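Got the viewer open? Let's take a short walk through this one, stop by stop.

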Amino acid sequence: MIRGITDLTDIDLGEAIEWTRGDALEWLLGAPLQILITLVVAVVARKLLHRSINGFVRSSVARGDAARAERGADLGAKAERALARATGAAHERHRQRTTTMGSLLRSISTIVVAVIAVLTVMSIVGIPLAPLLASAGVGGVALGFGAQSLVKDYLSGIFMILEDQYGVGDLVDTGECVGTVEEVSLRVTRLRDFEGVVWYVRNGEIIRIANRSQGWATAIADIPFSYREDVDEVTEIVREAVAGMETEDGWRDVLLEAPKVLGVESISSGTVTIRVLVTCAPDEHWGVQRELKRRVKDACDDRGIAGPPILTGGGQP
């Protein structure tokens with residue numbers, strides 16, 4: 001009797017073990033294998049995306065180096081040295097900001113791949129995704145309508161940073177105001193104008209941007225004198241006054257070329273105006289203009305050249 005019971009128990013356990021092994025093998029070849037494949041594909045996709053982003057960052061930095069070298073070659077050897085000094089910080093800023101954008105893109109790609117992998121795994125294990133995706137779709141549409149301006153600001157900020165249109169310390173004209181950039185974020189740009197007023201400009205509202213701190217600047221000095229003076233004589237005095245300024249200490253690294261006397265710019269109300277132009281380092285044109293005018297004024301005083309006539313109330317000199 002006991003022996004029979006023992007044999008029956010052995011048969012039941014054997015059948016149970018055999019069924020469990022077959023079921024386990026079928027289960028392992030089903031959902032777990034699919035989940036494993038999904039995770040492997042997600043890891044490979046993440047690595048490929050990161051490699052592409054890193055390649056884009058390297059090519060962007062290389063293009064910045066090439067553009068900087070080309071600008072220097074166009075202006076000559078002396079200009080190249082001055083331009084390198086003037087734009088060295090900007091170039092380093094461009095490299096750092098490009099690297100930062102690469103890090104941001106890598107994080108975004110990782111999140112996107114992870115979300116897709118999680119949804120795929122949930123679908124494999126049998127969790128219904130339709131209600132979840134429907135709710136997410138409705139929420140996404142509502143958020144899109146309510147925050148479309150915010151999304152526009154962020155996208156514009158990303159492209160501004162990626163293209164390095166401007167950075168902290170640059171003098172820019174946004175159309176609404178002209179000022180020095182104090183802070184750049186993905187949503188807003190903070191400027192301080194010449195009167196000390198702080199402006200907060202949304203990136204999505206900036207249609208055009210004029211950066212006066214990239215590459216080089218042009219200093220223009222208009223020199224007025226009396227209509228009765230000889231134009232050729234005054235032109236020669238102006239040329240002598242500004243000659244050699246690019247080789248002097250204090251101006252050698254500021255001026256990218258010798259000042260050019262362009263000639264007569266305008267004639268009105270008994271006044272003749274001669275224009276002087278010089279290419280200089282960015283943000284240095286104001287000081288260069290003042291120095292040009294000072295030198296020409298001193299030279300004209302030494303040679304007895306009369307300035308523009310003073311108009312009376314009737315408008316006649």
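What pLDDT does the chain average, and what share of the residues score at least 70? This is a predicted model, so start by colouring by confidence: the chain averages a pLDDT of 77, and 73% of the residues score at least 70.

Now select helix α1, residues 2-28, which has the lowest mean pLDDT among the elements of the chain, at 52. Narrow the selection to residues 1-11: pLDDT is below 50 there, and beyond near neighbours in sequence this stretch makes zero contacts in the model. Jump to residues 312-317, also below 50; beyond near neighbours in sequence, that stretch has five contacts. Where pLDDT is low, don't read the predicted coordinates in detail.

Next, the sheet. Select β6, β7 and β8: you get an open sheet of three strands, ordered β6-β8-β7, with antiparallel pairing. At the edges sit β6 (217-226) and β7 (260-268), each pairing on one side only. Look along the sheet and you'll see a twist averaging 25° from one strand to the next.

Zoom in on β6 and β8 (residues 271-280), which pair in the antiparallel sense over ten bridges. Pick out isoleucine 223; standing opposite is isoleucine 274 in β8.

Last stop, the helices on the sheet. Select α6, residues 231-242, which has the highest mean pLDDT among the chain's elements, 92. Helix α6 lies across β6, β7 and β8, running at about 140° to β7. Then add helix α7 (residues 285-303): α7 lies across β6 and β8, at about 25° to β6.

Conventions:
Residues numbered from 1 in each chain as written. Predicted model: local features only at pLDDT ≥ 70, side-chain atom pairs only at ≥ 80, totals over all residues. Heavy atoms only, no water. pLDDT = per-residue confidence, 0-100. Helix = DSSP H or I, 4+ residues; strand = E, 2+ residues; numbered from the N terminus. Contact = heavy atoms within 4.5 Å. Pairing = 2+ DSSP bridges. Axes fitted to C-alpha atoms, helices over the stretch in contact; angles between N-to-C directions.
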